[in-house]
Amino acid sequence: MLLQLRNIFKWVQQGGQRVFLLKDINLEVQEGEFISIMGPSGSGKSTLLNVIGMLDTFDEGEYDFLNESVHTLKEKYRSNLYKEYIGFVFQSYHLLDDLTVEENLEMPLLYKKIKGSERKALVADMLDRFNIVGKKDLFPAQLSGGQQQLVGVARALIANPKLILADEPTGNLNSQQSEEIMQLFKKLNEEEGVTIIQVTHSEKNAAYGSRIINLLDGRKI
Amino acid sequence: MIKNYFKIAWRNLLKDKVNTSLNITGLSVACAVAILLGMAAMFQLSYDGFHERGESIYKMVRTEQTPKGPKAGTVHAAPLAPTLEAEMAGVKHISRVVQDGTLALYNEKEINMDIVWVDQDFFSMFSFPVLHGNEKEPLADLNDVVLTEEGAQKLFGSTDVVGKTFNLMVNGEEKPFTVSAIAKDIVPQSNLDFQIAARFESHREYNEAKEQWDRQYHEVFVELKQGVLASSFEQSSKSFVDLYYGEGIERLKRDGATADENGRFINLELVPLKDVHFASFKNGTVEVSRSRPYLIFGVALLILFIACINYINMSIAKTAKRLKEIGMRKTLGAQKKQLFFQFWSESLFVFIISISIGVVLSLVFLNDFKSMFNTQISSSMFWSPMFLVGLLLSILTITVVVGGYPALLMSRLGTIQSLKGKLESSGNNQVRNVLMVFQFSIAIIMIVGTLVLWSQIDYMRNKDLGFDKEQVVSFPLNGKRNSHDMVDLLRDELSGNAEIVSVSGSDSNLGLGKDGSRSSSGIGFEYKGRIVMTNFLIVDHEYVQTLGLDMVAGRNFESAADSLGVVINESMAKELGEQDPLTSQLEIEDGIFYPVLGVVKDYNFKDLDRAIAPMTFFMSRQQDLTYGFVKVAPTNMANSFVALENAWKKLEPNADFLGSFLDENIDRTFRQEKTTAKMISSGSLLAIVLSCMGLFAMSLLIVQQRTKEIGVRKVIGASVGSITYILTKDFLKLVLIAFIIASPLSWYILKEWLQNYTYRIDLSVWFFIGAGAIAVVIAMLTIGTRTIRAARANPVKSLRTE
C-alpha cells in the first residue's frame with residue numbers, strides 16, 4: 001500500500017464558525033493505481049490533493065505514506081519524503097520563467113543533491129524521452145501551453161517518483177493537447193507502474209483512470 | 001546549486017532593469033560617499049596619532065578661577081617647564097613650544113617659513129624622524145636647527161645640507177643657525193607643523209622672559225615616565241602650583257574669585273596628546289569633543305542606511321513577483337534554509353557589485369572630494385588595516401541584515417499561498433512604512449540642517465562687525481625691515497595715490513589671512529586694587545581710521561607722539577567701571593600710568609563664536625607690528641590693490657606680498673563651518689535623492705500591484721484625479737509623519753549647535769516648514785509621474801492582465 005488517509009478533517013474559521021474543507025476523508029491508494037478525483041468547484045478536490053502531497057496540513061485524522069505517519073513528521077522530514085517520492089503537475093504548469101527548459105528539469109535534482117554528471121544524464125534522458133531535445137534552451141514563455149505542460153510532466157517525473165499528483169493538468173490546454181497529456185499519463189501508469197492521482201473536471205479525462213473518487217462539500221460520496 | 005542561484009539572480013536582475021539599476025546606483029553611490037566621508041572622519045580622528053610615545057605625552061593647560069568665572073589657557077611662562085622638570089617626579093621629557101612664522105635668509109633668498117621654537121627634548125618626545133644628521137641630539141647646540149625635507153628644499157634647493165649655515169631674523173637682526181639634521185616632512189594630521197625647528201632659547205622673547213612667571217607666551221608638552229598617571233601628576237602638582245603661583249592665587253582671592261569644588265584657584269591640567277586636536281577652552285574648562293568627526297561618520301552611516309532601506313523595501317515589494325517561484329521551489333523539495341540562502345545570495349551578489357563600484361567611485365572622486373571639502377585624506381588611508389577592517393565589518397553587517405531580512409521573509413512564506421500568488425502583506429507594509437518614515441525623517445533633518453547652517457554662515461558673512469572689511473587690505477609684515485619703519489615707508493610711498501585712504505599696522509590680523517596664522521595677546525594689570533584683564537593690541541596711530549572704527553568718547557591717537565596714552569573699547573570701559581573712562585590711568589608697565597585717550601565702539605576683533613571682550617590699543621615702537629592694514633577708496637579697488645603690491649615689492653623686493661581684503665579673511669575663518677555645511681548639504685541632497693529613488697521604485701511596484709484595483713475603479717467611474725489622489729495619499733502620509741518626527745529632533749540638534757555661536761540666527765519655524773515643503777514637493781513629483789500614468793491607462797488593458 002502506498003498511502004492511507006484515515007478520518008481526515010480540515011477546516012477554516014470563518015466568522016466564528018468552522019467551515020469544513022475536508023470532512024472525514026478515508027482513502028487507501030495502492031501502488032500502480034490511477035485515480036481521478038472529481039467534483040464541482042469548491043468541493044475540496046485540490047485541498048485533498050495538496051494534503052496528499054504534503055503541501056498542506058490537516059486538522060484531524062491520520063495519514064500514512066509508505067508506512068510513515070505523516071501527521072507526526074517535522075517539516076524537514078516531510079519535505080524529504082515528498083521530494084523523494086512525489087512529483088507534482090499543475091494546471092498552470094508553474095515552470096520557472098527565468099530558467100530554460102533544461103534548467104527547469106534540472107531543478108528537482110538540485111534539491112535532491114544529485115551530482116552534476118548524473119544530473120546531466122538524467123536531464124538528457126528526460127529530454128530525449130519527451131522528444132523536447134530541440135527545445136532545451138528555450139524559456140517557458142517561448143513554448144505553447146501543451147509543450148509547457150509536457151515539460152511540467154517531465155519535471156515531475158525526473159526524480160523518479162512513486163506518485164504523481166496532477167491538479168487539473170489539462171485545464172489550460174486544448175483538446176488535442178489534453179489528449180496527448182492524458183495518453184502520456186496512461187502510458188506512464190501502465191508501462192512504468194507510476195501511481196497517479198489527478199484532479200479533473202472532465203468525465204473524459206477521468207475515464208483514463210482506474211478509479212474515480214467523487215467529492216461534494218469536502219465529503220467523499 | 002550555487003551556480004543555479006547565481007543564474008537565477010542574474011536573470012532576475014536583468015529582467016527588472018529599472019529596479020536593478022536604481023538599486024545598484026543607490027547602493028554604490030551611497031557606498032562611495034560613505035567611504036569618502038568615513039575616510040574624512042578617520043583622518044580627523046587620527047590627528048596626532050602617529051607619535052609613538054603619544055600615549056604618555058600631554059599638553060599642559062592652566063585653569064584659573066577668576067572673579068568672572070573659570071579661564072583656561074595653554075600658554076605658559078618660560079620658567080615653568082625647567083622648574084617642573086627639576087622639581088616634579090614623573091617627568092620624562094618636557095618641551096616648551098612656540099609655533100611661529102619667521103624670515104629665513106640664505107644667500108639672496110628671503111623666505112617666510114613655519115618654525116617651532118622648542119627645547120632639546122622635543123625630538124625625543126615626538127615622532128618626527130630624523131633622516132640624516134645628528135639623530136641622537138639634533139638640537140644639542142643653541143644654534144642648531146632641524147629642517148624638514150620640504151624646508152631644506154625651499155631654502156637650499158637640496159636636502160643634503162647638514163652642517164650648512166643660514167640666518168633667521170630674530171628681533172630685527174639676522175642671526176646665524178646651523179643645520180644639524182634633516183627630518184622627514186610633517187604629515188598632514190599633525191597639529192605641530194613646521195619647516196624649521198630651533199632652540200627655544202633663541203626665540204626673540206626668551207632673554208627678557210626667562211625669569212618671569214607672569215609673562216606667558218608658549219605651550220608646554222610633557223612626557224610622563226612609564227606608569228605615571230596624568231591624574232596623579234596633576235594631583236602632585238598642587239603644592240608646586242601653590243609655591244610658584246602663590247601671588248596669583250592671593251590676587252584672585254582678593255578680587256573675589258570663588259574656588260573650584262576642590263578649593264583651588266589655579267590648577268595645572270594635562271590634556272592627552274590625542275585629545276589636543278579636539279580640545280577647546282572656550283568656557284574656561286578643558287572640553288574634549290570629537291563631535292565633528294562623529295557627525296561626519298553619522299552622515300555617512302545615515303546615507304548608507306537610506307540606501308539599505310531602499311534595498312530592503314524594494315526586495316520585499318518584489319517578493320510578490322516571485323511568489324510562484326517560491327511556491328514551486330518548495331513543492332520541489334526546497335527547505336526554508338535553502339530558499340533563504342538563495343535569496344540571500346542574490347542580495348550578496350547585488351552588494352558585491354555595488355560595493356565594488358562604490359570603492360572604484362570613491363577612489364576616482366578622491367581628489368575632487370579632497371579639494372571640495374579641503375581634507376587631506378589620501379588613498380593610502382583606504383588601505384590602512386583599521387579602515388579595511390571597519391569597511392569589511394560594515395559590509396558584512398549590511399549584507400547579513402539588509403540581504404537577510406527580505407530573504408528570511410521570503411523563505412517563510414507558505415507553499416500553497418505562494419503558489420496561489422497570495423501574500424498577506426499587512427505586516428510587511430508596516431515594516432516598509434516604518435522604514436520609509438525613518439528615511440524621510442533623516443532627509444528632512446538633513447535639509448533643515450543645511451538650511452540653518454547656510455543661513456548662519458550667511459549671517460556671519462554679512463554681519464556688521466563694526467569695522468570696514470570691504471575696503472581694507474591686510475598683509476603680514478614679513479620682510480626684513482623693521483615693521484614700524486615699513487608702515488611709515490609704505491605710507492610715504494602711497495601718499496601720492498588718491499585711492500589709498502590710509503595706512504596702518506598692528507600686531508594681529510583680523511580674520512585669517514593668506515599666511516594662515518592667527519595670534520592674540522592679552523595683559524592683566526592692577527587697577528584700583530583688583531586685576532583687570534584685557535586683550536592687547538600694538539597699533540600704529542592710524543589704526544582706528546584705517547579700520548573705520550567709530551569713536552564714542554575722547555579722541556583717537558593723533559600722531560606717533562601719542563604713545564603715552566591708550567585707546568580702549570567699550571567693553572574695556574565697562575570693565576574699568578568708571579563714570580568717565582577718560583579719567584582712568586592704566587598701569588600697563590610697572591610704575592608707568594597710561595591715560596585713556598578715547599573709547600572706540602565695540603567691534604568683533606575675534607570670531608563670531610565669541611562675545612566682544614575688553615580691548616586696549618597701545619602704541620609702542622619697541623614691540624613689532626606683524627600686519628599692515630591699508631584702506632582703499634571704494635572705486636577701483638583692484639587697481640589700488642596692485643598699487644599697494646607694487647609699493648611693497650619696491651620696499652621689500654625679496655619678501656612675498658600676502659595681502660588680502662578683510663572680508664576674504666573673515667570668510668576664511670569659517671572655512672570649517674563651510675566645509676561642514678558643504679558636507680551636510682551634499683549629504684542631504686544625496687539623502688533626498690536616494691529616498692526619492694526608493695520612493696520611485698516603490699511607487700512603480702505599488703502601481704503594478706494595484707493595476708487591477710485601478711482598472712476596476714476606473715470602470716466604475718473614478719476620475720484620473722481621484723485615482724492619483726488614492727495612490728499618492730499613502731506615501732504623502734508617510735512623508736508627513738516623517739516631518740512630524742523630524743521637526744522637533746532637528747530643532748533640538750540645531751539649537752544645540754547654534755549655542756556655539758555668540759552671534760547667531762533665530763531658529764524660525766520657516767526653516768522647518770521649508771524643509772517639510774521641499775520633502776513633500778519632491779516626493780509628490782517622484783510619485784506623481786508614475787501614478788498619473790497609471791491612472792490614465794486604459795482600464796480594459798489593466799483588467800485583462802489578471
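**Packing around B:A407, the α1–α12 contact of chain B, and the interface with chain A**

Apart from neighbours within four places in sequence, B:A407 makes contact with B:F340, B:F343, B:W344 and B:S347. The model is a predicted one. B:A407 belongs to helix α15 of chain B, which covers residues 385–411. The C-beta atom of B:A407 has 22 other C-beta atoms within 10 Å; since the criterion for burial is 20 or more, B:A407 is therefore classed as buried. A separation of 70 residues in sequence lies between B:A407 and B:K337, whose C-alpha atoms are 9.9 Å apart in space.

Helix α12 of chain B, residues 336–364, also packs against α1(B). The two axes are 9 Å apart and form an angle of about 60°. Angles from 65 to 115 degrees would count as roughly perpendicular and those under 35 degrees as roughly parallel; α1(B) and α12(B) are therefore oblique to each other. Their crossing is right-handed. On the α1(B) side the contact is formed by B:Y5, B:F6, B:A9 and B:N12, which meet B:Q342, B:S345, B:E346 and B:F349 of α12(B). Sorted by class, this contact comprises 4 nonpolar, 3 polar and 1 charged residues.

Chain B also touches chain A, with 18 residues of chain B in contact with 17 residues of chain A. On the chain B side, at least two residues each come from α1 (2–15), α11 (323–331) and α16 (415–420). The greatest contribution is that of α1(B), with 5 residues. The chain B side of the interface consists of 7 nonpolar, 7 polar and 4 charged residues. Helix α1(B) thus takes part both in the packing against α12(B) and in the side of chain B that touches chain A.

Chain A contains 7 helices and 10 strands. Its C-alpha trace spans about 55 × 40 × 35 Å along the principal axes. The radius of gyration of chain A is 18 Å, which agrees with the value near 17 Å for a compact globule of 221 residues. Of the 221 residues in chain A, 41% are buried. Among contacts in chain A with a separation of 6 or more, 72% are between residues 24 or more positions apart.

Conventions: Residues numbered from 1 in each chain as written. Chains lettered and ligands numbered in written order. Predicted model: local features only at pLDDT ≥ 70, side-chain atom pairs only at ≥ 80, totals over all residues. Contact = placed C-beta atoms within 7 Å. Helix = DSSP H or I, 4+ residues; strand = E, 2+ residues; numbered from the N terminus. Nonpolar A, V, L, I, M, F, W, Y, C, P; charged D, E, K, R; others polar. Buried ≥ 20, exposed ≤ 12 C-beta atoms within 10 Å, placed from the backbone. Rg over C-alpha atoms; globule rule 2.2 N^0.38 Å. Axes fitted to C-alpha atoms, helices over the stretch in contact; angles between N-to-C directions. Parallel < 35°, antiparallel > 145°, perpendicular 65-115°, else oblique. Left-handed = near helix turned anticlockwise from the far one by under 90°.
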